[in-house]
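User: I would like to learn how to read the features of a protein model, taking them one at a time. Could you give me the general idea in each case and then show me how it applies here?

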Amino acid sequence: WLPGSLAGLAGATSGGPATGPVTYKPAPDRTLTFLPESTPGTYKPAWFIKDQLSYDCTTNEYKLLSPRGSVKTFDANGILRSSQTPGGDRMDFSYDSMGRIESATMTVGGVTVSYAYSWTSGLVSEVIYSVADRAVLRTTYGYDGTSLSTVKTWENSTVGTGAPDWGSTPISACRYSYHSSGLLRHVLPPT
């Protein structure tokens with residue numbers, strides 16, 4: 001699960017609060033635009049937007065408050081660092097030196113749930129899902145060039161937090177094929 005866009009805020013700069021428009025794209029067909037006000041770090045939503053954006057100069061973070069009460073925190077460069085639900089559940093994100101997501105971690109009811117991402121040639125190649133520091137599921141992604149060709153999921157058979165044993169056979173596997181134009185042709189369902 002990944003909330004909203006991991007692309008972050010456009011218009012944010014590392015030198016302090018943005019002095020021009022700042023935009024956030026929570027969905028492919030929706031863009032939120034905020035215009036700076038006279039007080040540095042305060043922004044006025046444009047066009048009937050009910051979300052609120054602010055910049056905290058002491059933490060060098062932007063905060064985006066939705067009308068429903070969720071809060072997204074972005075660093076000074078506009079990169080999403082956390083997302084908190086109205087009930088207080090929070091997911092934190094970390095990135096590698098190339099700006100690709102490295103992990104997403106959430107604690108719910110005292111139990112930590114996390115996703116760890118691995119990348120090969122700019123494409124996600126593996127995601128490991130862990131609960132309470134125990135790796136539970138491992139999903140691998142195979143590609144033909146840059147087109148997704150396989151998705152396989154393994155279950156850890158080891159008890160406890162020791163080294164995982166993924167076994168030799170995935171619990172689920174899916175294959176994809178494409179037309180010569182690059183459009184998806186077939187999805188062979190999980191086995």
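Analyst: We will go through a sheet, the nonpolar core, the aromatic pairs, the salt bridges and the cysteines, keeping in mind that this is a predicted model.

User: Let us begin with the sheet that opens the chain's strand numbering: what is the order of its four strands, and is the pairing parallel or antiparallel?

Analyst: The strands of this open sheet follow the order 1-2-3-4, and their pairing is antiparallel. Strand 1 (9–10) and strand 4 (43–45) each have a single partner strand and stand at the edges, so one side of each is left without a neighbour in the sheet.

User: How many bridges join strand 1 to strand 2, and which residue stands opposite L9?

Analyst: Strand 1 and strand 2 (residues 22–27) run antiparallel and are joined by two bridges, and within this pairing L9 has Y24 of strand 2 opposite it.

User: Now the interior: what is the general idea behind a nonpolar core, and which residues touch the most other members here?

Analyst: In soluble globular proteins, nonpolar side chains tend to be buried together. In this model the largest nonpolar core holds 26 residues, and L9, Y43, L53 and Y62 are the ones that touch the most other members. Several strands each supply at least two residues of this core, among them strand 2, strand 5 (52–56), strand 6 (61–65) and strand 12.

User: Which residues is L9 in contact with, once its neighbours within four places in sequence are left aside?

Analyst: The contacts of L9, on that reckoning, are V22, T23, Y24, L53, Y62, F74, N77 and G78, and Y24 in this list is also the residue that stands opposite L9 in strand 2.

User: How should I read the aromatic pairs, and how many does the structure hold?

Analyst: For each pair one reads the separation of the ring centres together with the angle between the planes, and the structure holds four such pairs. Y43 and Y62 form one that is tilted, at 6.2 Å centre to centre with 45° between the planes. Because Y43 lies in strand 4 and Y62 in strand 6, the pair ties together parts that are 19 residues apart in sequence. Both of these tyrosines, Y43 and Y62, are buried, and ring pairs link them with Y55 into a cluster.

User: Turning to charge, what is the general idea of a salt bridge, and how many does a search of the whole structure find?

Analyst: Side chains of opposite charge can pair when their charged atoms come close. The search finds six salt bridges in the whole structure, including one between D75 and R81 at 3.0 Å, N to O. Here D75 counts as buried at 15% relative accessibility, whereas R81 counts as partly exposed at 31%. Another joins D96 and R100 at 2.9 Å, N to O, with D96 buried at a relative accessible area of 18% and R100 partly exposed at 26%.

User: Where in the chain do R138 and E126 lie?

Analyst: The side chains of R138 and E126 meet in a salt bridge at 2.5 Å, N to O. This pair links distant parts of the chain, since R138 belongs to strand 13 (residues 134–144) and E126 to strand 12 (residues 123–131), twelve residues apart. R138 is partly exposed at a relative accessible area of 21%, while E126 is buried at 17%.

User: Finally, how many disulfides are found, and is C174 buried or exposed?

Analyst: A search of the whole structure finds zero disulfides. C174 is buried, with a relative accessible area of 10%, whereas C57 counts as partly exposed at 49% relative accessibility.

Terms used: Residues are numbered from 1 along each chain as its sequence is written. This is a predicted model: local features need pLDDT of at least 70, side-chain atom pairs count only at pLDDT 80 or more; totals for chains, interfaces and linings use all residues. Side-chain values use heavy atoms; hydrogens and water are left out. Two strands pair if DSSP finds at least two bridges between them. A salt bridge is a side-chain nitrogen of Lys or Arg within 4 Å of a carboxyl oxygen of Asp or Glu. Buried means under 20% relative accessible area, exposed over 50%, partly exposed in between (1.4 Å probe, protein chains only). A disulfide is a pair of cysteine sulfur atoms within 2.5 Å. A nonpolar core is a set of buried Ala, Val, Leu, Ile, Met, Phe, Trp, Tyr and Cys residues joined through side-chain atoms within 4.5 Å. Contact means heavy atoms within 4.5 Å. Rings of Phe, Tyr and Trp (its six-membered ring) pair if their centres lie within 6.5 Å; planes under 30 degrees apart count as stacked, over 60 as edge-to-face and the rest as tilted.
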